[in-house]
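Visitor: Could you walk me through this one? Start with whatever terms I need.

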Amino acid sequence: DEPTQIDIEVQKAPLTITANDQSKHYGDVLVIDENEYVVEGLKFTDAVSSITLESIEALDTRASVLGSPYQIVPKDAQGTGLDNYNISYINGALTVIPAPLTITALDGTRLYGDLYETSLDQVTISGLKNDEQISSVALLCEGYPEKAGVAGSPYTINVSNAIGIDL
């Protein structure tokens with residue numbers, strides 16, 4: 001009797017590469033760190049040395065909070081022994097968070113009996129991005145009406161309802 005020959009087929013093992021989620025403030029550019037990924041399924045001394053992570057919105061200063069999250073796409077894994085794997089890529093998420101915006105009312109004075117007129121010149125604004133502008137704000141203060149007396153002075157000025165151009 002002759003020994004029976006048995007063939008063994010070696011199939012590729014599954015390998016999953018997942019891009020890590022990241023975030024940025026609206027108006028900023030995020031240079032994605034190419035090391036922001038997780039690898040699952042490597043055997044022995046096989047290794048992933050690098051991958052490419054892409055997100056158009058990471059470099060776009062106008063990527064909006066409302067359109068977020070955007071995809072971070074992993075691809076093109078490089079390394080040793082990777083021919084032994086069926087590689088699956090899982091996208092990460094890029095979340096755009098609101099940029100900090102500060103509107104501060106400036107101190108003012110008026111004479112008793114005079115009405116206090118408000119305007120944008122009575123605030124400082126910091127944090128606007130992409131040439132955006134504030135077109136109006138509401139300034140409220142118990143010291144604005146003509147009847148507000150000296151006895152309650154100084155009054156607190158409250159800023160609210162910012163309306164902008166391209167905000």
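Guide: Patches here are made of residues with over 30% relative accessible area and no salt bridge, joining like charges within 9 Å and nonpolar side chains (Val, Leu, Ile, Met, Phe, Trp, Tyr) within 5 Å. A salt bridge is a Lys or Arg side-chain nitrogen within 4 Å of an Asp or Glu carboxyl oxygen. The model is predicted: local features need pLDDT of at least 70, side-chain atom pairs 80 or more, while totals for chains, interfaces and linings use all residues. Numbering runs from 1 along each chain as its sequence is written, and side-chain values use heavy atoms, without hydrogens and water.

Visitor: Which residues form the nonpolar patch on the surface?

Guide: L101, L120, I125 and L128, with about 260 Å² of accessible area together (Shrake-Rupley, 1.4 Å probe, only the protein chains shown as cover).

Visitor: Where does L120 lie?

Guide: In the loop between β8 (102-105) and β9 (123-126); strands are DSSP E runs of at least two residues, numbered from the N terminus.

Visitor: Any aromatic pairs to look at?

Guide: One. Ring centres of Phe, Tyr and Trp (six-membered ring) must lie within 6.5 Å; planes under 30 degrees apart are stacked, over 60 edge-to-face, the rest tilted. Y116 and Y144 have ring centres 4.7 Å apart and planes at 15 degrees, so the pair is stacked. Y116 is in the loop between β8 and β9, Y144 in the one between β10 (133-140) and β11 (158-165).

Visitor: Is Y116 buried or exposed?

Guide: Buried, as is Y144, meaning under 20% relative accessible area (exposed is over 50%, partly exposed in between; 1.4 Å probe, protein chains only).

How values were computed. Helices (H or I, at least four residues) and strands (E, at least two) are DSSP runs, numbered from the N terminus.
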